[in-house]
There are 4 protein chains.
Amino acid sequence: MITIGIIGYGYWGPNLVRNFFAAKDCCVKSVADSRLERLQQLGKIFPGISGVCDADDIIYDPDIDAVVIATPVSTHFQLAKESLLHGKHVLIEKPMASSVQEGEELIELAEQKNLLLMVDHTFLYTGAVEKMKQLVADKELGNIKYLDSTRINLGLFQPDINVLWDLAPHDISILNYIIKETPYSVNATGITHTNNEIENIAYLTINYNSGFIAHFNCSWTSPVKVRMMLIGGDQKMILYNDLEPTEKIKIYDTGYNHKSDEEKKRILVDYRTGDIHVPKLNTTEALLGMANDFVASIQEKRQPKSCYQIGLDVVRILEASNKSIKNNGCEVLLNTPNRVLKQKNYQVLRH
Amino acid sequence: MITIGIIGYGYWGPNLVRNFFAAKDCCVKSVADSRLERLQQLGKIFPGISGVCDADDIIYDPDIDAVVIATPVSTHFQLAKESLLHGKHVLIEKPMASSVQEGEELIELAEQKNLLLMVDHTFLYTGAVEKMKQLVADKELGNIKYLDSTRINLGLFQPDINVLWDLAPHDISILNYIIKETPYSVNATGITHTNNEIENIAYLTINYNSGFIAHFNCSWTSPVKVRMMLIGGDQKMILYNDLEPTEKIKIYDTGYNHKSDEEKKRILVDYRTGDIHVPKLNTTEALLGMANDFVASIQEKRQPKSCYQIGLDVVRILEASNKSIKNNGCEVLLNTPNRVLKQKNYQVLRH
Amino acid sequence: MITIGIIGYGYWGPNLVRNFFAAKDCCVKSVADSRLERLQQLGKIFPGISGVCDADDIIYDPDIDAVVIATPVSTHFQLAKESLLHGKHVLIEKPMASSVQEGEELIELAEQKNLLLMVDHTFLYTGAVEKMKQLVADKELGNIKYLDSTRINLGLFQPDINVLWDLAPHDISILNYIIKETPYSVNATGITHTNNEIENIAYLTINYNSGFIAHFNCSWTSPVKVRMMLIGGDQKMILYNDLEPTEKIKIYDTGYNHKSDEEKKRILVDYRTGDIHVPKLNTTEALLGMANDFVASIQEKRQPKSCYQIGLDVVRILEASNKSIKNNGCEVLLNTPNRVLKQKNYQVLRH
Amino acid sequence: MITIGIIGYGYWGPNLVRNFFAAKDCCVKSVADSRLERLQQLGKIFPGISGVCDADDIIYDPDIDAVVIATPVSTHFQLAKESLLHGKHVLIEKPMASSVQEGEELIELAEQKNLLLMVDHTFLYTGAVEKMKQLVADKELGNIKYLDSTRINLGLFQPDINVLWDLAPHDISILNYIIKETPYSVNATGITHTNNEIENIAYLTINYNSGFIAHFNCSWTSPVKVRMMLIGGDQKMILYNDLEPTEKIKIYDTGYNHKSDEEKKRILVDYRTGDIHVPKLNTTEALLGMANDFVASIQEKRQPKSCYQIGLDVVRILEASNKSIKNNGCEVLLNTPNRVLKQKNYQVLRH
């Protein structure tokens, strides 16, 4: 039985409490939030859970095995570091940290302490993403050529992070989970409409050596909500519409190949269009799957599906996107991930 | 009565013939295409129109007042130049030419010869675009903040132009028609999947000094057809879905404004969401409106709605997008349009 | 403060508990269900509520002011009668009872005892239905001509009631709430695919003297879920799609009128089509509104919005529909409601 | 080469001319319409076709082999009879005639004269209907349980026929083409909003001995256009949405079966839900397929796919629906079709 403390009871907090409540082999002991009205809300719905004002009441609590951090991004690093230093396993809401350096420091610390460090990329636990990963892994789509994602809505303007840091982690974590190739650079453009240097509309392109390309369109100022991702291979293509209640994934038996027309000195492209298939998906609540994976990973001393490497790579891309936006969209190369760091950690918590 | 010759009877040719057939004060005398089977098709449907193999049979025909050019982009300049030199008014399919220089040379020639030079940006003649222009002009949306367009489908790979040159002219012409501000730069990224340097997926951002931003997502390799444009103001926002049979335009009474929170040193954004309005649109066929405007502009010695300036500005942006893609997405400044040129021509064919 | 006991903790029970938990001026003391596993579920989520096996532990409990009955329809009458006899106010899940006679007996008893008897027609508390009622009451639609409802899905085959008794109460209660005219007859057809005389597909037409007509299409065996209602007037028409997340109501500025063509001896009908309006709706949870209305009606000694008259009229129509189906779809006249009964009760609990 | 004359150049006439123009082994010689402006329209688009004012100029023309009748229903019988008497093959727009008696008389006459008599039920030539027929014939759906069709829109009020005669022929012909079982009765209800006894909203149920049921919802007064048909089997179910541009047919791998629960004396129903399949359909224009089938049937002396038996059965059901509506929705038994008549004709024009 893993005893859990949750820091932060804002928008996402109640969902976390409810799902850790329902998860196996764990119990939620206390929840910290500095806002009294939030703790009152907690008490009304979950009378058995202790509400505390100070995160330290969780971090220093010897009964607590694992800390869940659901606070603004800028506080992730300090709270996670303190928790690790006090011997707690840590689950952080996405994105993991404000910078790659912070993320790497946390990973190193977790390894030293032999503790689990996990990032909550909830989408990896949906039936839709699981199906897409499997289709790509099974080469059903052929060679993957592009991923194109639109995630726009009328969203809360965040005071500390731009729209890419707020919305794109979902899509980038899906990308990193599904596509094995390592990208080499990004381009990003965006605009702020509030004079505070925080973009509320932004566009991100991620470049790969193989010719695969990924593009992300994020906005807090769209009157309509769109959650649409296309993944195209040369054999089949996927449309993933997360707003569809049941038909989230459509697999198009659509492909193309090209050959050179020697005579006319040009490329000819042949299309093939066919049936569409809409697979039945696992509909278990994703957040519950994430909670169960966190607890089980601690117990089994293994990496979870949403491993820190995906979390760190998401931050790496976001950090580069910031740099590109501030440099008028110019290409920013991605540093090679620190491989030694990765390897060492896998020894501790191997799959 | 304006006598018209049409050069090129490919995909778009039959639509042009049919609509000039139905337009007022004009008649189609002949159509040129080097492919015999195309001329046979023409003869079967329009037995009264003469089919010729050689464009010169149209350009040199003294009975013909105006030439419509519906051939590959790379041939636009030469055919239009010859036609102007032989005293014909000219309508060119979008995009106008392969380069700004070509476009400017054609405009200069048309001015010298006192002839009409028009580009067929058909969308400007749709009820949907007319409604959007009116809403923006009437300040119904408040201050315009962004335009975001997705135009993707399983499209014919063009052998001579990339997907932006093929698909984006529609959206850029709408942008230029609706938005009066002059952009200062573009960023574009893209990828080719056929090893011929011709991008089949590309993304374009157009930057403006006021903070307005425009973004275009174009692809020939999407399994689904999407034709969606968002135009957002701080008072209202428009969703334009061209695939909707009747509800093409939705006007969202959705706005936002921001203020500084002095105490917390941050920006607060307030939202307002309200009703949605779906206006009834004029459903006259756009191409017929374009054909009538071409003929009437010749007769009235005035600029058409789809004036050459819009056509040239589309090429200016496309040319810059090419440069940006080839330079890994870096920002490319747009040259200031040649104002003298513009002014002079307006004297000849004034509204 | 009204103390509430809930009988039945099946599919709908948890929603009732949760909303009475959140409602004003009331508390849930106990929940009865004969299935132990259901009581265990209850205890896990609501540790403060007492779970009891026997409905009598609620009916006989002197601390309980009001009983909520969420059990199979065939048990409604007996449980409600016992509750009233023991001085409890009563809320019954729809449909109110198995027959008009049962319903009338309950109403009479409630009047004698001076207690509130309410039926949970939750839809009357949605923003969509409230908006439609207002539009009809304000004569925005002109003269109302028809209501057409489709409510189909892959549904649980009920063992004791057919698909009309299961699904149509929602739509008939909306009809009765919005339309003031009293219908005079019904026709119904249907089919059972399980040899147990319980229709899983059924169609119902309700006839009115004014020429207004209402039609209901209900099925437990549709692979797709449809929740669509059309209400047509001669000035405007409404499309109500309950599955739309935000655009549930569309108001079409579409009308028609007719005149006689004396010369040709026939009727001419003129159409008018115009804009579409999508009003912003109140999005408060309907069940919470229902719970609050129940409690407030007890306290204020008034009839709730979902009054017993609507509940009884729903049963009256369902009862007649049964008779029509069993008589091969023949027309079944509706008895005039017992007006004396109605009047008397209004004196006790007047609006 | 079959020479064709077309009587009636109203709404549907231009489509017929265009497709017989494009069909194989036939030519359109003349088109008759009493309205001069219609003949002028014809002349503008089809200069090679002779426009005549009087149907007799077609019926008496010795050069014409086959007559296409596209006039109001009340005139079908007389025009078809005259045409047959003058030795012409006949194609009649749906519905075939105003009564079963008229239809049978035409069939008898066609047999005597050894001429083809065909009804234009265009939908039978769509890829969607062909696919559905094949799926049912191949027992892919298991045992067919129901067909439910909604065909509503803002439609032209017809002066001589009600909405069922106008719209339902499409759906009933599809039903008769796909389902082999003979129905035994119908129920229909409806309403007129123009005081001329011609229903503009009507509902039709068709009953079968096996427990299969078909239901049709037709309206000229819906603000939205709906073209939706469900066909449910116990193994799979089909959703046919004719307004979808490409995904017209969705096949749901959804089924159910039932068993008796001896202990609890009730029926238990098990569901199975699975993937959805969207087949690629033949997209050839249906009307062209119909035209080609008409010509080929004459040449090959065989019955067309849209044979007169389907046409007559459609009228049989419509006639019975009228009787049911006028008798307040009571069940009307369908007469057994005249089998001798059928048999005889098949000898002449056998498949």
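In this predicted model, begin with two helices of chain D: α1(D) and α8(D) are oblique to each other, because their axes meet at about 60°, and an angle counts as oblique when it falls in none of the ranges under 35, 65 to 115 or over 145 degrees. To display the pair, select residues 13–22 of chain D for α1 and residues 286–300 of chain D for α8. The two axes lie 9 Å apart, and the crossing of α1(D) and α8(D) is right-handed.

Next, show the side chains at this crossing. On the α1(D) side, select Asn15(D), Asn19(D), Phe20(D) and Ala22(D); on the α8(D) side, their partners are Leu287(D), Leu288(D) and Ala291(D). Coloured by class, the residues of this contact comprise 5 nonpolar and 2 polar, with no charged residue.

Move now to chain B and select residues 100–113, helix α5, together with residues 308–326, helix α9. The angle between the helices is about 165°, and their axes are 9 Å apart. Since angles over 145 degrees count as roughly antiparallel, α5(B) and α9(B) are therefore described as roughly antiparallel to each other. The crossing of α5(B) and α9(B) is left-handed.

For the residues involved, pick Val100(B), Gly103(B), Glu104(B) and Ile107(B) from α5(B), then Tyr308(B), Gly311(B), Leu312(B), Val315(B), Arg316(B) and Glu319(B) from α9(B), which they meet. The contact of α5(B) with α9(B) has 5 nonpolar, 2 polar and 3 charged residues.

The tour continues between chains. Display chains A and B together: 39 residues of chain A are in contact with 39 residues of chain B. On the chain A side, the strands that each supply at least two residues include β7 (144–154), β8 (185–191), β11 (221–233) and β15 (266–272). Select β11(A) in particular, as this strand provides the largest share of that side, 6 residues. By class, the side of chain A that touches chain B contains 19 nonpolar, 17 polar and 3 charged residues.

Finally, show chains B and C. A turn of 180° with a shift of 0.0 Å along the axis lays chain B on chain C with an RMSD of 0.0 Å. The two copies are thus related as by a two-fold rotation axis. To locate that axis from chain B, centre the view on His277(B), whose C-alpha is the nearest to the axis in chain B, at 2.4 Å. Both copies use the same surface, with 100% of the contact residues of chain B recurring in chain C.

Terms used: Residues numbered from 1 in each chain as written. Chains lettered and ligands numbered in written order. Predicted model: local features only at pLDDT ≥ 70, side-chain atom pairs only at ≥ 80, totals over all residues. Axes fitted to C-alpha atoms, helices over the stretch in contact; angles between N-to-C directions. Helix = DSSP H or I, 4+ residues; strand = E, 2+ residues; numbered from the N terminus. Left-handed = near helix turned anticlockwise from the far one by under 90°. Contact = placed C-beta atoms within 7 Å. Nonpolar A, V, L, I, M, F, W, Y, C, P; charged D, E, K, R; others polar. Least-squares fit on C-alpha atoms with pLDDT ≥ 70 in both.
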